[in-house]
Amino acid sequence: MDINEKTKLRTFLQSCLVERGDRAEFQDDESLFDSGRLDSLTITRIVVYLEQEFGVNFAHVNFDVDLIDSVQAIESLVDTVGSH
Amino acid sequence: MKIKRLTQFHEDPAVIAWWRAWMGWMLKWLTPFWRRSILVAGAIYVAVSNPLSYLEKVLEAPNDLLGSALVVLTIFCIAWLIYQATVRFNSLPTTIRRHPQLTLHLLFWGFLAIAWNTTPTAGPWRAVMLGIALFFPNLIWRCGYMLYSGQNGRAVGTSFPQQLICLFPVFGGTHTPYGKGLEFLSKFEAKTEEELARSQLAGIKLLILASLWHLGLVIMEGVLYGPGNHVTRALGGHTIGIPNLAQLVTQGAGAPRYTSWVSIYCELIWQVLHLARNGHGVIAVLRLFGFNVFRNTYKPLLAESIHEFWNRYYYYFKELLVNFFFIPVFMQLGGMLRKWPRLRLFAAVFAAAFVGNMYYHLLNKKSLLAHGDVFGVIYSARSDFFYAFLLAIGIYISMLRKERRGGRPLSAARVARILRIFGVWTFFSLIFIWNLKGGTPFFTRVYFFLNLFGLA
């Protein structure tokens, strides 16, 4: 994931947080789901985003929320299974 | 600011420091080893006593000492076998590794089919099978979470006694595993004395809230509903006298309209307070032991959308449906329905809120299920089916609207917020008509609903 893609990802995640009334900053290694800042129904938005932007095919991934729990985790997921 | 400081006392450094100074000896003693040991001891007690209490309710199940001991022992063996499958997940056959949850449920249904095909004269083993059929639905979702941790490679290194903490929770709960499984609990376990103090204070806060909601329920019962309790007596026997919804619904189209409208909103508040009180009690115990997990109920009456209410009303049940139905379906359909995202969302929401919800309630009808009365199960669940269907429609539309907004927050204007909250209240108040316990026939509920709008 290059720097532009990462910035775009962070903006997208920020919009998910804002939608839940959470305007606080977040670090790359900060938990988003386990901390309760995002809820499990937001998973769909993030999954669709990763499928569209990075070509991640979740049908072939043994999905677990930890895979998308932080910016770092998403980076690692995209670098491992993304097609871009 | 002062109010916020008061309500968030568990996060106040001064309060935490005071608690550490006052309870220092206990915080030092309640290490992960000891807290888990206490919970394991409690789990063993529950594992023995709960199946026995289930058996007492059904005459055909063994009620002699040997029969009961066999049921308890067999349930332990089943739990141990599933634990072995969990820790050796990678050496399981490929089909099971791909579909561990499906395998678990198919095995249970296979077991039920065998039990159904035995005759009452089949001897003591039939009674033992009935006992297991009655108790296992209580365990199946907990075993599901255990297998889930094995699937994600996080069960290696856990011991069977530790898994018992969540399989037979002494901290309480329903068929829904509060606090999910051991893996989830471990994520939130206090590692330092300060974290333990914080967790315990959060637990105390929940106990205070549970007491307040209990008081709220008593006042509601005394002031709103008749014939009343000691609150009514304290008020000189005066009560508003609103019939509770279960009573009104039985009158179908004959129920007084305006009273019915008041009653459906009162029922919503009652249900929320009831669930919050019970859930807070369970989560409070977990927090006192140092597992600072999320609440089961978090201000659902302030939710501004249907899916937000659902998220906040019964968190661990929603998580169960999301983990075992919503996510698997949503992910699997990614390849097939990528170009039809709304259809994909629709399928996943229905898999969870309708199919999963119904399946969960079907498994709860243990006695009918154990005796193979499938028609009886379906017949008795007609209203539940309809409730789940309406719920699924509501959640889908709500999620779709959220998607269409594309991340834009909702209007913060006070009137707009109140209207949204009122809309959510009305939706859930209306669909609760079909979620009420009791044997009111399905169509009587339909007539009651139509009568609310003057259509019956």
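This short talk covers the contact between chain A and chain B, the cavities, and the salt bridges of a predicted model.

A word on conventions before I begin: residues are numbered from 1 along each chain as its sequence is written, while chains are lettered from A and ligands numbered from 1 in the order in which they are written. Local features need pLDDT of at least 70 and side-chain atom pairs count only at pLDDT 80 or more, whereas totals for chains, interfaces and linings use all residues, and side-chain values use heavy atoms, with hydrogens and water left out.

Let me start with the interface. With contact taken as heavy atoms within 4.5 Å, chain B contributes 29 residues and chain A contributes 27 residues. The buried area, meaning the accessible area (1.4 Å probe) that two parts lose on being put together, summed over both, is about 2,400 Å² between these chains, and carbon and sulfur atoms give 53% of that.

Turning to polar pairs, I use salt bridge for a side-chain nitrogen of Lys or Arg within 4 Å of a carboxyl oxygen of Asp or Glu, and by that rule five of them cross the interface of chain B and chain A. One of these joins the side chains of B:Arg154 and A:Asp64, at 2.3 Å from N to O.

Which helix supplies the largest share of the side of chain B that touches chain A? That is α17(B), with eight residues, where helices are DSSP runs (H or I, at least four residues) numbered from the N terminus.

Now to the cavities, each being a set of points on a 1 Å grid over the protein atoms alone where a 1.4 Å probe fits but cannot get out. The count comes to three cavities of 30 Å³ or more, and the largest has a volume of about 90 Å³, a volume being the space filled by probe spheres set on the points, with grid points joined across faces, edges and corners. Its lining, made of residues with an atom within 4 Å of a point, includes A:Leu41 along with B:Trp310, B:Lys318 and B:Phe326. Here α17(B) again gives the most, with four residues.

Finally, over all chains the count comes to 23 salt bridges. Among them is the pair B:Glu193 and B:Lys28, whose side chains meet at 3.9 Å, N to O. B:Glu193 lies in helix α12 (residues 193-224) of chain B and B:Lys28 in helix α3 (residues 24-29) of chain B, so this pair ties together parts that are 165 residues apart in sequence.

Technical notes. Helices (H or I, at least four residues) and strands (E, at least two) are DSSP runs, numbered from the N terminus. On a 1 Å grid over the protein atoms alone, a cavity is a set of points where a 1.4 Å probe fits but cannot get out, and a pocket is an open set with protein on both sides within 12 Å along at least five of seven lines; lining residues have an atom within 4 Å of a point.
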